[in-house]
Amino acid sequence: MAEVYFSFFSLLLIPFSLLLILYLIVRPRTVRVPIKNRHVFITGGSSGIGLALARLCAHTGADVTLLARDAGRLEEAKQSIKLATGRDVRVFSADVRDYDAVKRAVDEAGPIDVLVCNHGVYIPQELEEQELEEIKFMIDVNLTGTFHLIKAALPGMKKNRAEKGPGSIALMSSQAGQVGIYGYTAYSASKFGLKGLAEALQQEVIADNIHVSLIFPPDTETPGFAEENKRRPQLTSIIAASSGAMKADEVAKKSLDGIQSGTFMVPCNFEGLLLAVATAGLSPQRSYLFAFVEVMTAGIMRLAGLFFQWNWYGSIEKFHAKK
């Protein structure tokens, strides 16, 4: 009987020991990034997720600045936020591919506490069929444009950070930035690049009390998505449909929660949560409890991933067999 109790105690000791180890080693530590009375700068803020997030931040009491290309839509966004929250927002019209224009807007807006790089373009098509200019356009906007924003904002963000409290840089990726999907060759490449950027950047700015979040929304019901989706390959729709779609307000709420908690990988739905666990790799993790889940389920998540791949490749085989 004593041996049974000892074995049972030993089994319990293993997970508790792992939890203790994770509590001691998980870095960076937990943080709370305030939004109220902070300067939140959001790109791609004239519609969709950016506008929903801007409205939410303004309602929370933030001083919001929006940057986008279309001056007319920016003015409409400004008025809609004013009507919904009673707060004024500043707007700047600039193309994120133009570093000088971005730098001027950032300098005029003033030091930023929370930078949300939400801009992005999505043009789905098979690589063989897609024009090189479209590929370059996506990479220039989604990836290079993000470098432009961060480089322009960092000097001001670092100033007096100890006095002003934690800052945040949030990058709007995509579930296509976690796993490659048929028809997303160029888009996934541009979004996968954000993960490498974010992981390295977090190491560079952690000493300045700036915390990086990488947000992974699924298909989101926005005007831009509806337009671009008209040329989406049929196989892309079949495979991507497994994750469903979300409303912009829902994604904005999940995004803001992740930003405020300093979470590095921010999923927006259950499928995104599974992907976050499955693709954690060497990404930073603030929660030792969630790190425990990642460690304990790593093998299971790999098995689940193989089932997903089996389903996707089966869909591809059936599609081509019909053709």
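Is Cys 117 buried or exposed? In this predicted model, Cys 117 is buried, with a relative accessible area of 2%, and the value for Cys 57, which is likewise buried, is 2%. A search of the whole structure returns zero disulfides. Cys 57 takes part in no disulfide, the nearest cysteine sulfur being that of Cys 117 at 14 Å; Cys 117, in turn, is in no disulfide and has the sulfur of Cys 57 as its nearest cysteine sulfur, 14 Å away. Because a disulfide requires two cysteine sulfur atoms within 2.5 Å, the separation of 14 Å between the sulfurs of Cys 57 and Cys 117 leaves this pair outside the cut-off.

The nonpolar interior was examined next. The largest nonpolar core comprises 54 residues, among which Leu 115, Ile 150 and Ile 169 touch the most other members. Helix H5, spanning residues 132–158, supplies the largest share of this core, with 10 residues. When residues up to four places away in sequence are not counted, Ile 150 touches Leu 115, Cys 117, Ile 169, Leu 171, Leu 197 and Leu 201, so that the buried Cys 117 is among the contacts of Ile 150. A second core, separate from the largest one, holds 33 residues, including Ala 52, Leu 53, Ile 81 and Val 116.

Six aromatic pairs are present in the structure. In one of them, the ring centres of Tyr 184 and Tyr 187 lie 5.7 Å apart with the planes at 75°, so the pair is edge-to-face, and both Tyr 184 and Tyr 187 are buried. Ring pairs also connect these two tyrosines with Tyr 122, giving a cluster of Tyr 122, Tyr 184 and Tyr 187. Another pair is formed by Phe 307 and Trp 310, whose ring centres are 6.4 Å apart and whose planes stand at 90°, so this arrangement too is edge-to-face. Phe 307 and Trp 310 both belong to helix H12 (residues 288–322), where three residues, or about one turn of the helix, separate them. Trp 310 counts as exposed because its relative accessibility is 63%, whereas Tyr 184 and Tyr 187 are buried.

Transmembrane annotation was then set against the model. The unreviewed UniProt entry lists residues 6–26 and 288–313 under "transmembrane region". In the model, residues 288–313 are 100% helix and 0% strand, and the C-alpha atoms at the two ends of this span lie 35 Å apart. Tyr 23, which falls within the listed residues 6–26, has Arg 29 over the face of its ring, at 5.6 Å from the ring centre.

Note on methods. Residues numbered from 1 in each chain as written. Predicted model: local features only at pLDDT ≥ 70, side-chain atom pairs only at ≥ 80, totals over all residues. Heavy atoms only, no water. UniProt positions renumbered as here; feature names shortened; annotations may be inferred. Helix = DSSP H or I, 4+ residues; strand = E, 2+ residues; numbered from the N terminus. Buried < 20%, exposed > 50% of the residue type's maximum accessible area, 1.4 Å probe, protein only. Phe/Tyr/Trp six-rings, centres within 6.5 Å; stacked < 30°, edge-to-face > 60°. Lys NZ or Arg CZ within 6 Å of the ring centre and 35° of its normal. Core = buried A, V, L, I, M, F, W, Y, C linked by side-chain atoms within 4.5 Å. Contact = heavy atoms within 4.5 Å.
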